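Work through the following exercises with the sequence and the structure open beside you, and try each task before you read its solution.

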Amino acid sequence: MTVAPRSGDATRTPSGIRPPPDRPDIPVVWREDAIGTRPLVLVADDDEDIRMLVTFRLERSGYDVLPARDGEEALELAVRHRPELAVLDLMMPKLDGYELTRRFRELEETRRMPVILLTARAQDDDVARGFAAGADDYIRKPFSPQELRARVQAILGRR
Amino acid sequence: MLDSGTDTLRARRRRRSFSRLAAAFLVVAVVAGLDLVAGPARWAPSLLLVLLYLVAGGALVLIARLMDREARLDSRRAELHAVLQSADNGICLVDREGRLTFANVAMERLWKELHLPKDGTIWDRLAALALRTDRAEKLLAAFARLADEPALEIVEEAEVVDAGRSFVGRTVPVLDASGQLLGRVFTLRETTAERRAERLKDELVATVSHELRTPLTSAIGFLDVVLEGYSGPLGDDQREFLTIARKSANRLVRLVDDLLFTAKVEAGTLTIEPGIVRLAEVAAGCVADLRGLAERSRIGLALEDGDVDAFWGDSERLRQLLDNLVANALKFTPAGGSIVVRTGVEAGRAVIQVEDSGIGIPSKEIGLLFQRFFRASTAVERQLPGTGLGLRICKAIVDAHGGTIGVQSEEGLGTTFRVELPLRAAPVVARAKVA
């Protein structure tokens, strides 16, 4: 895992993470010159650990990650880098997941970018609110890596 | 409206003088009588005089008695009055036509605070109040029933929306000794503070569960990363210990889920998402998932699925119900025991039975089983882990489906939970409308 190149130091690089011995097929490190060859996913979460975890799982699944610490940063990065998908935490300072999704839907640059909400509050009305704001899917915390991968693949595969 | 203390005092004095007068008359009558017996002089007029004194004395005794009773009634009335006036709840009395005959201070105050009409019958006031609540239709229907069934007792709770205050209203009939209706008593108890405390508690549970879920997500996530070997190969001990930590984290997640679910049930916001339910499939999925655990605990787990037509319900919740019941059975059945899950149809209802040969539940505790946080003494004594939420959740799921859940148990022999669900057909009309 490496630092995502386009976002400064928004994510901490976990040291000592190596590929599983039985999975040589998983890319270990992607190189600077590989930028742009893998789909770019925006990951916004104010909790650093969760951001790191989602980033780690997505990078292992073959995506580049654009990490953001809060809603405003996510909005700025999304407009600048046009990621192909956004995974957003619901409860974030400044702009929460609902409001951020609504803003994405209003802006020309991000109107068509699919949004997956990552939420610890998976009560029925929270989920309904997320869809009403324009989200495409949601994942409950805690999530399994398989679920994350499957949902991201399903949405990106559709396009 | 009731006699004051001085009145009672004056009445007592009057009563005492009456009694003295009566005694004097009677004494005179007796003396005259003795005189008559001693020397029979002028018989007829003397006899008349004696009789006159006797009658007058007797009448005076009677009057004194009546006054005595009156005084006692007065003081009883004063006591009742004091009790009614000191009550925090609003209390009022109406006659058969609904005209007010009494209202205590608390009731007068509530009427004033809620700006209710000062005149008119109780029905006018209640209707005016009901229309401002969140349950107007239900309340008006209840009042209408009172007109037809005068002996009815009604208890209803509602929130007066514009005032932001909740009340429990109750009415009971006032009957005379022969059962004739004299009127009604109405009481009003404010529950605003209770409702607010409940709301706060629900919000707290939701917030706490969110705050717990986030660190749990990273704990589970990174444990998985390590267990999958991303941070280097693991020794057997390391793998075993991390697996234990991983399992505990999972248990915490389940606990948080259960707490949230229970909070939702208590708040009355549990909804089911209905769809087509194939009960045999739901049961088979549950048994397949828990078979491994049963085998490790050396408990036989069998499924006897009878034919149940597909019906309208929430498959996910019903699966949760079955998982809870079977996991419970596994927990309370010692090694070597057996569990049978049965599905079928009886008397037009879908039936699910989970029968175990476990430790059983003492009969006096069966009524408490479906309350939240209740745990059977047999479970506590054996130090079996649990929160007392599982069966409360089961009951909520069954209730949301309009079904019933019951239990039969014998200590030391086993327990059978039985769920009956109505076989609702899919709402074809509603779907046609959408299409």
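**Exercise 1. Compare the span of helix H6 of chain B with its expected span.**

Solution. Begin by counting: in this predicted model, helix H6 of chain B runs over residues 192-227 and has 36 residues. Next, take the distance from its first C-alpha to its last, which is 52 Å, and set it beside the expected value at 1.5 Å a residue, to which it is close, since that value is 52 Å. Finally, look just past the helix, where B:Gly229 follows with a positive phi near 90°.

**Exercise 2. Find where confidence in chain B is lowest and where it is highest.**

Solution. Start with the chain as a whole, which averages a pLDDT of 85, with 94% of the residues scoring at least 70. Then go to the elements: helix H12 (residues 428-434) has the lowest confidence, at a mean of 41, whereas strand S10 (residues 349-356) has the highest, at 94. As a last step, examine residues 429-435 of chain B, where pLDDT stays under 50 and for which the model has one contact beyond four places in sequence.

**Exercise 3. Describe the largest nonpolar core and the surroundings of B:Leu321.**

Solution. The largest nonpolar core has 44 residues, and the ones that touch the most other members are B:Leu321, B:Leu322, B:Val326 and B:Phe417. Several elements of chain B each supply at least two residues of this core, among them helices H7, H8, H9 and H11 and strands S9 and S10. Now select B:Leu321, which, leaving aside residues up to four places away in sequence, touches B:Ile352, B:Cys394, B:Ile397, B:Val398 and B:Val419. A second, separate core of 23 residues includes B:Leu114, B:Leu139, B:Ala142 and B:Leu146.

**Exercise 4. Classify two aromatic pairs and decide whether their residues are buried or partly exposed.**

Solution. The structure holds five aromatic pairs over all chains, and one of them joins A:Phe56 and B:Tyr230, with 5.1 Å from centre to centre and 85° between the planes. Because planes over 60 degrees apart count as edge-to-face, this pair is edge-to-face. The pair crosses between chains, from helix H1 of chain A to the loop between H6 and H7 of chain B, and both A:Phe56 and B:Tyr230 are buried.

Repeat the steps for A:Phe131 and A:Tyr138, whose rings are 6.1 Å apart from centre to centre with 80° between the planes, again edge-to-face. Here A:Phe131 is partly exposed, with a relative accessible area of 40%, and A:Tyr138 is partly exposed as well, at 27%.

Note on methods: Residues numbered from 1 in each chain as written. Chains lettered and ligands numbered in written order. Predicted model: local features only at pLDDT ≥ 70, side-chain atom pairs only at ≥ 80, totals over all residues. Heavy atoms only, no water. Helix = DSSP H or I, 4+ residues; strand = E, 2+ residues; numbered from the N terminus. Expected span 1.5 Å × (residues − 1). pLDDT = per-residue confidence, 0-100. Contact = heavy atoms within 4.5 Å. Core = buried A, V, L, I, M, F, W, Y, C linked by side-chain atoms within 4.5 Å. Buried < 20%, exposed > 50% of the residue type's maximum accessible area, 1.4 Å probe, protein only. Phe/Tyr/Trp six-rings, centres within 6.5 Å; stacked < 30°, edge-to-face > 60°.
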